[in-house]
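I opened the notebook to look at how the chains are arranged and how one of them is built. Here is what I looked up, in order.

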2 protein chains.
Amino acid sequence: MSDEPLPIGLREVSEATARLRGVAVRTPLLHDTLLDALVGARLLVKVEPLQRTGSFKFRGAYNAIARSTAPAVVAWSSGNHAQGVALAAALLGKRATIVMPADAPRIKQERTQALGAEIVFYDRARESREAIGAAIAERTGAAIVRPYDDLDVIAGQGTVGLEIVEQAAELGLLPDLAVVCCGGGGLIAGCATALRALLPQIRVYAAEPAGHDDTARSLARGERVANAPGVRSICDALLATEPGELTFLINRRLLAGGLVASDAEVCRAMALAFSELKVVVEPGGAVALAAVLAGRLDCRGRTVAVVLSGGNVDPDLYARVLAGC
Amino acid sequence: MSDEPLPIGLREVSEATARLRGVAVRTPLLHDTLLDALVGARLLVKVEPLQRTGSFKFRGAYNAIARSTAPAVVAWSSGNHAQGVALAAALLGKRATIVMPADAPRIKQERTQALGAEIVFYDRARESREAIGAAIAERTGAAIVRPYDDLDVIAGQGTVGLEIVEQAAELGLLPDLAVVCCGGGGLIAGCATALRALLPQIRVYAAEPAGHDDTARSLARGERVANAPGVRSICDALLATEPGELTFLINRRLLAGGLVASDAEVCRAMALAFSELKVVVEPGGAVALAAVLAGRLDCRGRTVAVVLSGGNVDPDLYARVLAGC
């Protein structure tokens with residue numbers, strides 16, 4: 001494996017932390033006796049559903065938009081990235097345009113608009129959101145804020161990892177292991193950058209939904225491979241088709257491997273987050289906890305940092321999960 | 001009104017804060033754009049469902065048990081106080097006995113036992129839990145940990161108020177108003193002690209369920225009055241029949257008044273805590289937010305601290321609340 005320096009390091013994550021101070025929530029790092037007993041380890045659970053707009057995405061969006069000199073931004077997303085970009089742009093006094101499929105759930109449209117963004121709809125079957133976004137950027141001078149394959153976004157997401165180390169130290173603990181969910185890989189690339197810089201011995205694992213384990217397989221193979229199309233998953237936030245270029249460049253160097261959780265395991269983790277932690281977690285946000293609770297990682301006797309990444313879940317689905325799926 | 005000094009002050013709350021450092025969770029103080037827009041004020045929401053055992057009760061129990069020299073403790077409760085006492089005693093290496101009605105929900109029995117406490121059941125219709133608890137204390141030398149009418153318990157709960165001031169200051173804000181739920185009155189008595197000492201101009205309001213507004217009416221009357229028996233409420237954690245002696249001594253001097261919320265208003269607040277804050281709140285824990293959202297307090301343009309006090313709610317009830325009650 002190459003010894004070439006990685007494109008970002010602890011310095012960029014620390015700078016992002018300074019930018020986010022007083023703007024992002026320093027979300028708590030929780031521990032719980034019953035969860036510890038279930039896995040025979042000490043779990044430290046980082047709670048990003050409490051982040052502004054309900055997910056970690058706000059961190060990377062704010063860092064990238066704060067670093068940009070463009071007067072406006074454009075992004076494509078129907079989910080958490082859209083809301084993160086919309087709020088970050090509003091706080092920084094910039095116009096935001098979000099390219100969203102015409103069939104996106106109304107609640108996601110409304111929330112994004114309520115945060116002050118303009119929405120441009122496209123036809124999922126016939127148009128390319130990337131092309132539409134690029135055309136808007138070209139025409140208006142807006143900067144494109146990519147959901148994960150952007151170094152400023154990755155550095156912003158990395159503030160989650162930096163906070164984990166600080167907050168664990170406040171409890172007198174050093175994590176041996178960390179498990180972070182992975183779609184395009186921006187959150188885990190940023191977290192691994194901070195975690196491995198501060199705790200060189202830590203082993204960081206990606207968690208993915210079953211059938212969407214492109215990063216696990218890419219890590220094993222040493223090159224990017226895509227998911228088979230058409231596999232369904234409850235984890236709507238984690239359905240990137242393959243690892244990002246920049247994120248995989250980082251993740252192949254810093255990660256110890258990939259873990260997988262089934263939909264049923266994700267539902268169980270959501271229900272335990274409800275009953276034990278009192279935190280609302282969306283399916284994609286629970287996959288790291290699900291993999292740990294399902295025993296996918298040998299962590300007996302260890303201290304394990306686990307990231308819950310977001311909590312934007314429909315109440316109907318949530319009620320079904322509480323009823324046992 | 002008397003100028004006699006109150007039985008506790010900021011000093012006792014600060015000492016409790018030192019005792020709880022690294023033991024209790026410093027729960028976050030959240031703010032949310034949509035909630036602010038709904039009331040036309042800036043809300044700072046203190047999230048005690050994330051406290052260990054799922055409610056603020058752990059704070060007061062730990063402070064009282066840490067101060068006691070007895071080798072064991074006894075308490076009576078079927079709810080949040082039981083779990084708070086059980087965990088605090090376990091952490092401090094003391095035996096805990098909890099007197100609980102024989103018909104208490106099995107989940108509450110199991111959780112209390114899982115935390116290492118011994119349960120003594122009693123017949124709600126024919127026996128007095130106070131008499132049973134006193135007999136156990138007499139026989140075993142255990143210290144009684146009262147749910148609210150105890151100065152060490154009140155000082156421990158007051159750490160919630162002290163943290164609110166610290167965390168608001170970190171955001172560059174000073175609350176003008178605070179709203180705190182009130183059953184026996186321990187949480188609000190402690191919070192008001194800290195808040196009024198640090199921010200003498202702040203106005204602190206009790207929030208109670210409709211039909212259980214004994215503190216609101218007692219404050220208006222200047223003496224303790226009880227609730228009419230038999231009024232039902234969804235807020236099972238807030239059904240004390242009258243204000244405590246010590247708590248009312250403090251609250252009548254420090255509170256600005258009492259607010260009331262209906263069951264429907266409480267359900268709406270729980271649903272907004274789900275969708276906006278991603279926090280699971282039990283009915284009694286949501287009554288302060290409910291009263292503010294229902295417009296019971298003129299707070300336009302103000303900065304308002306609101307305490308969510310606990311999140312121990314049955315999944316069936318929670319699913320019904322999300323479905324619109």
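Entry one, the two copies. I am working with a predicted model. I laid chain B on chain A and got an RMSD of 0.0 Å, using a turn of 180° and a shift of 0.0 Å along the axis. That is how a two-fold axis relates copies.

Entry two, the interface. Through which surface do the copies meet? I found that 100% of the interface residues of chain B are also interface residues in chain A, so the copies meet through the same surface.

Entry three, a helix in chain B. I checked α3 (residues 57-67) of chain B and noted that 9 of its 11 residues are buried, so the helix is largely enclosed by the rest of the structure. Among the buried ones I listed K57(B), F58(B), R59(B) and Y62(B). I then asked what covers the buried residues of α3(B). The cover includes α1 (10-20), β3 (72-76), α4 (80-91), α7 (151-157), α8 (159-170) and α9 (186-198) of chain B.

Entry four, the sheet. In chain B I see 4 strands in an open sheet, ordered β5-β4-β3-β6, with parallel pairing. Why is one side of β5 (118-122) and of β6 (143-144) left without a neighbour in the sheet? Both strands of chain B stand at the edges, and each has a single partner strand, so one side stays free of a neighbour there. I followed β3(B) across to β6(B): 2 bridges join these parallel strands, and V74(B) has I144(B) as its bridge partner.

Entry five, a helix on the sheet. Helix α6 (residues 129-140) of chain B packs on the sheet and touches β3, β4 (95-101), β5 and β6 of chain B. I noted that the direction of α6(B) makes about 175° with that of β3(B).

Methods
Residues are numbered from 1 along each chain as its sequence is written. Chains are lettered from A and ligands numbered from 1 in the order in which they are written. This is a predicted model: local features need pLDDT of at least 70, side-chain atom pairs count only at pLDDT 80 or more; totals for chains, interfaces and linings use all residues. Copies are superposed by least squares on the C-alpha atoms of residues with pLDDT of at least 70 in both. Two residues are in contact if their C-beta atoms, placed from the backbone, lie within 7 Å. A residue is buried if 20 or more other C-beta atoms lie within 10 Å of its own, exposed if 12 or fewer, and partly exposed in between; C-beta atoms are placed from the backbone. Two strands pair if DSSP finds at least two bridges between them. Axes are lines fitted to C-alpha atoms, for helices over the stretch in contact, and angles run from 0 to 180 degrees between N-to-C directions.
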